[in-house]
Amino acid sequence: MSGPVSRCLELRELADDQATLAALEAIEASQAHGLSQSQLIDVLNDDARCVLGAWWQACEPSDGETPTAELIGFVVLARGPFEAEIEAITVQAAQRGQGVGARLLAAAIAQARDWQRDSGLERLLLEVRASNAAAAALYAKVGFTRDGVRKGYYPMVDGGREDAWLMSLPLM
């Protein structure tokens, strides 16, 4: 009799293939205002963007089985001439609160710092819904500061609008 399978979180860059696209679409379908299929395809094929995915992976295959993995979250990072920007961090609702978002954020920051060494990027930017206190707290914990607000930036399910907080992290 075997015990519960231990899981490890694996992060890796995503490629544009049908399985990846289907997994991304499934995650985005659970969001009130997720990215469309065409937007996902554009993001995956843009050389100025890096898309990292997160999977719970069985740490050790049992009984000779191949480990299975399920995409549970991703981050989209864009590189500009002077700054990098986190365009999205999305984690399946059932997987939140387990450190997945923090690991994706750390990977995005590491990628931005790699780009900074190559091309001198000055800072990493992001925007967050004013109501997303958990995300804002995570960003602040790793050093992001609030720089401003975009009034009424995000659409809400009820037809209203919500503010976006602008945050940045120096890379130099």
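In what order do the seven strands of the open sheet sit? Keep that in mind as you load the model, which is a predicted one.

**Stop 1: the sheet**

Colour the strands and read across: β1-β2-β3-β4-β5-β7-β6, an open sheet with mixed pairing. At the edges you'll find β1 (residues 7–13) and β6 (145–155), each of which pairs on one side only. Look along the sheet and you can follow the twist, which averages 25° from one strand to the next.

**Stop 2: walking from β1 to β5**

Start with β1 and β2. These two run antiparallel and are joined by seven bridges. To land on one of the bridges, pick E10 and its partner W55 in β2.

Now select all of β2. How many of its 10 residues are buried? Nine of them are, so the strand is mostly covered.

Step over to β3, spanning 69–79. Nine bridges tie β2 to β3, again antiparallel, and G53 with its partner F74 in β3 is a good pair to click on.

Next comes β4 (83–91). β3 and β4 make a hairpin, with three residues between them. The two strands run antiparallel and share seven bridges. Show R79 and A84 to see bridge partners in this hairpin.

Then the direction switches: β4 and β5 (residues 123–129) pair in the parallel sense, over three bridges. Here, the pair to pick is E83 and R123, the latter in β5.

**Stop 3: α1 over the sheet**

Bring up α1, residues 18–29. The helix lies across β3 and β4, and runs at about 85° to β3.

Add α2 (residues 37–44) to the view. The axes of the two helices come within 10 Å and cross at roughly 130°. Are α1 and α2 parallel or oblique to each other? At that crossing angle they fall outside the cut-off of over 145 for roughly antiparallel and outside the 65 to 115 range for roughly perpendicular, and are therefore oblique. The crossing is right-handed. For the contact itself, show side chains for T20, L21, L24, E25 and E28 on α1, and for Q37, L40, I41 and L44 on α2.

**Stop 4: the buried face of α2**

Stay on α2 and select L40, V43 and L44, which are buried. Turn the view so you look down the helix axis: the buried residues fall within an arc of 95°, so they line one face of α2. As a reminder, an α-helix has 3.6 residues a turn, so residues three or four places apart point the same way.

What covers that face? Show α1, β2 (49–58) and β3, which are among the elements covering the buried residues of α2.

**Stop 5: V142**

Finish in the loop between α4 (133–141) and β6, where you'll find V142. Is V142 buried or partly exposed? Its relative accessible area is 37%, over the 20% limit for buried and short of the 50% mark for exposed, so V142 counts as partly exposed.

Draw a C-alpha to C-alpha distance from V142 to A106: the two are 36 residues apart in sequence and 8.5 Å apart in space. To see what V142 touches beyond its sequence neighbours up to four places away, show L105, I109 and L169.

Note on methods:
Residues numbered from 1 in each chain as written. Predicted model: local features only at pLDDT ≥ 70, side-chain atom pairs only at ≥ 80, totals over all residues. Heavy atoms only, no water. Buried < 20%, exposed > 50% of the residue type's maximum accessible area, 1.4 Å probe, protein only. Helix = DSSP H or I, 4+ residues; strand = E, 2+ residues; numbered from the N terminus. Arc of directions from axis to C-beta. Contact = heavy atoms within 4.5 Å. Pairing = 2+ DSSP bridges. Axes fitted to C-alpha atoms, helices over the stretch in contact; angles between N-to-C directions. Parallel < 35°, antiparallel > 145°, perpendicular 65-115°, else oblique. Left-handed = near helix turned anticlockwise from the far one by under 90°.
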